Amino acid sequence: MSRSALVGNVTAMLEDAGFTVSDRCAIRPKSFDIAARRGEDLILVKILGNVDAFNQATGHEMRRLGTYLEATPLVIGLRSRDEDLKPDVVYFRHGVPVFSPDTAYNLFIENVPPLIYAAPGGLYVNIDGDLLADEREAREWSLGQLANELGVSRRTVSKYEDGMNASIEVAMALEDLFDAPLTSPVDVLEGTEDVRDPDATPEEPDADPDDEEVVAVLTRAGYRVHPTLRSPFKAVSQDEADDEDVVLTGHSQFTKAAEKRARIMSSIGQVTHTQSVYVVDRAKQENVDGTALVEREELEGLDDAAELRKVIRERAKREEAA
């Protein structure tokens, strides 16, 4: 299957699942292919035939964007090396959850989350430690008795009850012993930190030297500017006084490529519930599909975030009325 067809299939699946999906980020470089929202769940999705192509720089940027936009970064792919990704298993690449289209279908369409995740050493599941302790005590078994049944140490059983996860073999043995479901699913959208080493959010890159002046103006106006390197926008800017006021920010000469970026920014903004502004040297129009165009000199005259918000809002309204 071509990558283009795979992106189309994943997009259609998410739409069937009730997600609003952005236009595809058909530009390079790009850290994610689509943004999608269903209710409060916002995901940034990279779609690959071979997930080994997902490199550290892209993973770090997706994780940073997840923090800025309150979104979950995900990779949906077919295989790693020459092996297909196993169904209903969550893998990790550079701290980002990775799984197959079949797993995504079960999660988003069937509402059946995966139970298994891959980590160094093999495949594991989450054990409900409190329920395990209750079942053991109901049988009046000691930690040592259960350890003997499982062929592990007493200390290991104690760790299971304290929340340590178990191999698939141990999980199956426990469920056979107690005839009860003792595993809990991997919460892909909320709780993946529980099943991987929680790394700190990677540090931000420096702004492109060509953008430093624009960054300085936005900072002076009261925005925290988070530069990006592999996105349709140059930065995610947050109002210092209101973290929920988030603006996707671009900057370049107003060319056909810039217009394309502005359209993609607008589509992403509709899904992520953010506004978008593109700073240009000269503009003959005021917006591109709801992305406000602001000339560099005009931006320098905006004294604070409230003024910039007003400009963006008014220009977006003009687009809606057109």
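A salt bridge here is a side-chain nitrogen of Lys or Arg within 4 Å of a carboxyl oxygen of Asp or Glu. Keep that cut-off handy for the exercises below, and remember that this is a predicted model.

**Exercise 1.** Which residue forms a salt bridge with arginine 64, and how are the two placed in helix H2?

*Solution.* Start with the atoms: the closest N and O atoms of arginine 64 and glutamate 61 are 3.5 Å apart. The cut-off is 4 Å, so the pair forms a salt bridge. Next, look at the helix: the two residues are three apart in helix H2 (residues 56–69), and therefore about one helical turn separates them. Finally, check the surroundings: both arginine 64 and glutamate 61 are buried.

**Exercise 2.** Find what glutamate 213 pairs with, and say where the partners sit.

*Solution.* The side chain of glutamate 213 meets that of arginine 296 in a salt bridge, at 3.3 Å from N to O. This pair links distant parts of the chain, with glutamate 213 in helix H8 (residues 212–220) and arginine 296 in helix H10 (residues 296–300), 83 residues apart. As for accessibility, glutamate 213 has a relative value of 42%, so it counts as partly exposed.

**Exercise 3.** Is glutamate 140 buried or exposed, and what is the sign of its phi?

*Solution.* Most residues other than glycine have a negative phi. Glutamate 140 is not a glycine, yet its phi is positive, about 60°. Now locate glutamate 140: the loop between helix H4 (129–138) and helix H5 (143–150) holds this residue. Its relative accessible area is 70%, so glutamate 140 is exposed.

Terms used:
Residues numbered from 1 in each chain as written. Predicted model: local features only at pLDDT ≥ 70, side-chain atom pairs only at ≥ 80, totals over all residues. Heavy atoms only, no water. Helix = DSSP H or I, 4+ residues; strand = E, 2+ residues; numbered from the N terminus. Buried < 20%, exposed > 50% of the residue type's maximum accessible area, 1.4 Å probe, protein only.
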